[in-house]
Amino acid sequence: MREIVLDTETTGLNPLTGDRLVEIGCVEILNRIPTGQVYHVYLNPERDMPVEAFNVHGLSAEFLSDKPLFTQVVDDFLAFIGNDPLIIHNAAFDIGFINAELGKAGRAAITFDRVVDTLSLARRRHPGASNRLDDLMARYGIDGSRRTKHGALLDSELLAEVYAELCGGKQTTLSLAVAEVAGSLGDRQSSAPLQRPRPLAPRVHPEETAAHEAFVATLGDAAIWKEYAAES
């Protein structure tokens, strides 16, 4: 199954008070394994960068001043995510900003029925524990040394690893390993299948065979059944 792990960076905490998107990062996964296909873009927010936000992601207004507007990349973004499930940590935050930008661009909002919130998954699996992305990475032994600042693409890549663990990644790997070992043992112990001393009697009566052949004849010369009849 294709899913998209997604993260954003912004100028602040609330799109309703003028904060804007400044970065989108997406990672494509198939059956929870990254395919190497990503979508990444920096965005011009058309406003200043508060120092609090800059301290989080390190993206200055000067750096973003020559980057595209969301309206200029919206088609590429929507084409990449398609209609597939979106895997997001604290999804209400990111979807709120994305929908605000989609609204400005005259596009339909993303509905929450296609969103998987890994924060909710983590809270159910680890009740009472801190479930920030950094905490989950430490809990699952995921290397976060590259994460000196928040970055949408890097955080999506790390979240893809966390998501696999939340869905039982290590247990899945263990099961596959056991299956491989069992298959290897089975290969060493395999032998030719036994043959019946007498074949089983046919269970289709001649009348049924004749009725089937008569039905196939009514389908015409182009029927695919003709190919099977020729091989039998």
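Mentor: Let's agree on classes before we look around: Ala, Val, Leu, Ile, Met, Phe, Trp, Tyr, Cys and Pro count as nonpolar, Asp, Glu, Lys and Arg as charged, and the others, Gly among them, as polar. Please also keep in mind that this is a predicted model.

Trainee: Thanks! How do the residues of the lining of the largest pocket divide by class?

Mentor: That pocket has a volume of about 590 Å³. Its lining has 23 residues, and Glu9, Val56, Phe93, Arg147 and His150 lie nearest the centre. By our classes, Val56 and Phe93 are nonpolar, Glu9 and Arg147 are charged, and His150 is polar. The whole lining divides into seven nonpolar, eight polar and eight charged residues.

Trainee: Which elements each supply at least two residues of that lining?

Mentor: The protein chain offers 10 helices and five strands to choose from. Those that each give at least two residues to the lining of the largest pocket are strand 1, helix 1 (51-57), helix 4, helix 6 (133-139) and helix 7 (152-166).

Trainee: Now the enclosed space. What volume does the largest cavity have?

Mentor: Counting cavities of 30 Å³ or more gives one. The lining of the largest cavity is made of Arg20, Leu21, Leu43, Asn44, Glu46, Leu69, Phe70 and Glu101, and by class these are four nonpolar, one polar and three charged residues. The volume is about 40 Å³.

Trainee: Glu46 is in that lining. Is glutamate 46 buried or exposed?

Mentor: Glutamate 46 sits in the loop between strand 3 and helix 1. The cut-off for exposed is over 50% relative accessible area. Glutamate 46 has 54%, so despite its place in the cavity lining it counts as exposed.

Trainee: What is the phi of asparagine 90 near?

Mentor: Most residues other than glycine have a negative phi. Asparagine 90, in the loop between strand 4 and helix 4, has a positive value, and glutamate 46 likewise has a positive phi, near 60°. Asparagine 90 is partly exposed, with a relative accessible area of 35%. Its phi is near 60°.

Trainee: And which residue takes a positive phi in the hairpin of strand 2 and strand 3?

Mentor: Strand 2 and strand 3 run antiparallel and are joined by seven bridges. One of the partnerships pairs glutamate 23 with tyrosine 42 in strand 3. The hairpin has two residues between the strands, and the one with a positive phi, near 50°, is asparagine 31.

Trainee: How many bridges do strand 1 and strand 2 pair over?

Mentor: The two strands pair in the antiparallel sense. For a landmark, leucine 6 stands opposite cysteine 26 in strand 2. The count between strand 1 and strand 2 is nine bridges.

Trainee: How many residues of strand 2 are buried?

Mentor: Across the protein chain, buried residues make up 37% of the 232 residues. Strand 2 has 10 residues and is largely enclosed by the rest of the structure, because the number of them that are buried is nine.

Trainee: Which element gives the largest share of the largest nonpolar core?

Mentor: Among the 23 residues of this core, Ile24, Cys26, Tyr39, Phe70, Phe77, Ile81 and Ile110 touch the most other members. Strand 1 (2-10), strand 2 (21-30), strand 3 (33-42), helix 3 (70-81), strand 4 (86-88) and helix 4 (91-104) give two or more residues each. The largest share, six residues, comes from helix 3.

Trainee: Which residues does isoleucine 81 touch?

Mentor: Isoleucine 81 is one of the core residues that touch the most other members. Leaving out residues up to four places away in sequence, its contacts are Arg2, Ile4, Cys26, Leu86, Ile110 and Arg114.

Trainee: Last one: what distance separates the C-alpha atoms of valine 5 and leucine 153?

Mentor: Valine 5 lies in strand 1 and counts as buried, because its relative accessibility is 0%. Beyond four places in sequence, it touches Gly25, Cys26, Val27, Ile29, Ile87, Ser156, Leu159 and Ala160. Leucine 153 is 148 residues away along the chain, yet the two C-alpha atoms are separated by 9.3 Å.

Definitions and conventions
Residues numbered from 1 in each chain as written. Predicted model: local features only at pLDDT ≥ 70, side-chain atom pairs only at ≥ 80, totals over all residues. Heavy atoms only, no water. Core = buried A, V, L, I, M, F, W, Y, C linked by side-chain atoms within 4.5 Å. Buried < 20%, exposed > 50% of the residue type's maximum accessible area, 1.4 Å probe, protein only. Helix = DSSP H or I, 4+ residues; strand = E, 2+ residues; numbered from the N terminus. Contact = heavy atoms within 4.5 Å. 1 Å grid on protein atoms, 1.4 Å probe; cavity = no way out; pocket = protein on both sides within 12 Å on 5 of 7 lines; lining within 4 Å. Points joined across faces, edges and corners; volume = space filled by probe spheres on them. Pairing = 2+ DSSP bridges.
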